[in-house]
Amino acid sequence: MTKTKVYLLDFGSLVMDGYMMFWGRGPGGPFRFPTYGVLIDHAEGRFLFDTGYDGGFFAKNLPFVTIDQSARQTVPGQLDLIGLRPRDITHVLNSHYHVDHVGGNHHCTHATTICHKCELEAYDDPEPWEAMGYSDRSLSGASGADDVSDRADDIYTPRFELISGDARIAKGVTLFETPGHTPGHYSLMVELADRRPMLFTGDACYTQRSLEENIIANSHSDVKQSFASLERLRQLAEQHDAELFYSHDPARWAEWKPAPYHYS
Ligand SMILES: [Zn+2]
């Protein structure tokens, strides 16, 4: 059996105010942060965790956000670095359905989309203060779309598999519930043959500083759950001797190795 490989896919960067990144703490001012996805090349499938943002969508609908994304920093561009195409992805997993994590889902026309049922509910009927976070509607109308038998190959009609609770997705690939940033937020752990497990926090923890100084994001659906999820991540890392990979940490990102390099 082939060894599981993990690739970090670079989807470009965004700029937010420091007070949005570090709620109540700042400092304020522009804070540029990376967005990335995680490709798990596994004997049981090719799993893609988070797909970044859609630059065209941002330019049109969120023009006040500073973006920096080349054609290479997209799902097709990053997969091409390792000789794959979007149709090779068997499963898309998303930490949550905010605009900077689902923007490339629509490229993966052949994938099953695994989603926490609470997240899809929040996305389908967002609270007013969540509407911008969930404003990429490329997944909309999909919750009842089981029948995709006659879809054209290149049209994106997400085929959802709804889950809840912690979930083993494949051998050594586990989603852990970490709600608070959004109602159905997941973090992901991947166990590999030759190194410590990789624990991808998603937006339950933007940066290493967030964990060390106990700071949550300005964007949250539930304050207490957000802090509980930070604590859960600490405990999971300790329990599994896992290395933490934060979602939007420019300093750590600069140290990690993006595709075509792989971890195994
Ligand atoms: Zn994010």
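User: How are the donor residues of the zinc ion spaced in sequence?
Analyst: This is a predicted model, in which local features need pLDDT of at least 70, side-chain atom pairs count only at pLDDT 80 or more, and totals for chains, interfaces and linings use all residues. Residues are numbered from 1 along each chain as its sequence is written, and side-chain values use heavy atoms, without hydrogens and water. Donors are N, O and S atoms within 2.8 Å of the metal (3.2 Å for Na, K and Ca), and sites may look incomplete since water is not among the atoms. Around the zinc ion, the donor residues follow the spacing D-H-x101-D-x44-H.

User: Which protein residues are the donors of the zinc ion?
Analyst: The donors lie 2.1 to 2.2 Å from the zinc ion. Two give OD atoms and two give NE2 atoms. They are Asp 100, His 101, Asp 203 and His 248.

User: What arrangement do the 4 donor atoms make around the zinc ion?
Analyst: Four donors are tetrahedral if all angles lie between 85 and 135 degrees. Four are square planar, and six octahedral, if opposite donors are over 155 degrees apart and all others between 65 and 115; anything else is irregular. Here the angles run from 87 to 156 degrees, so the arrangement is irregular.

User: How many residues apart in sequence are the parts that His 101 and His 248 tie together?
Analyst: Helices (H or I, at least four residues) and strands (E, at least two) are DSSP runs, numbered from the N terminus. His 101 sits in the loop between strands E5 (91-93) and E6 (112-116). His 248 sits in the loop between strand E12 (243-246) and helix H7 (250-253). The pair therefore ties together parts whose separation in residues is 147.

User: Is His 248 buried or exposed?
Analyst: Buried means under 20% relative accessible area, exposed over 50%, and partly exposed in between (1.4 Å probe, protein chains only). His 101 has 3%, so it is buried. His 248 has 1%, so it too is buried.

User: How many salt bridges are in the whole structure?
Analyst: A salt bridge is a side-chain nitrogen of Lys or Arg within 4 Å of a carboxyl oxygen of Asp or Glu. Arg 25, Arg 209 and Glu 213 are linked in a network of them. The search of the whole structure gives 10.

User: Which residue forms a salt bridge with Asp 194?
Analyst: The closest N and O atoms of this pair are 2.5 Å apart. Asp 194 lies in the loop between strands E10 (186-190) and E11 (198-202), and its partner lies before strand E1 (5-17), so parts 191 residues apart in sequence are tied together. The partner is partly exposed, at 45% relative accessible area. It is Lys 3.

User: Which residue forms a salt bridge with Glu 243?
Analyst: The closest N and O atoms are 2.5 Å apart. Glu 243 lies in strand E12 and its partner in the loop between E10 and E11, so the pair ties together parts 48 residues apart in sequence. Glu 243 is partly exposed at 25%, and the partner is partly exposed at 24%. That partner is Arg 195.

User: What share of the 264 residues in the protein chain is buried?
Analyst: The chain has 7 helices and 12 strands. Its C-alpha atoms fill a box of roughly 50 × 45 × 35 Å along the principal axes. The buried share is 53%.
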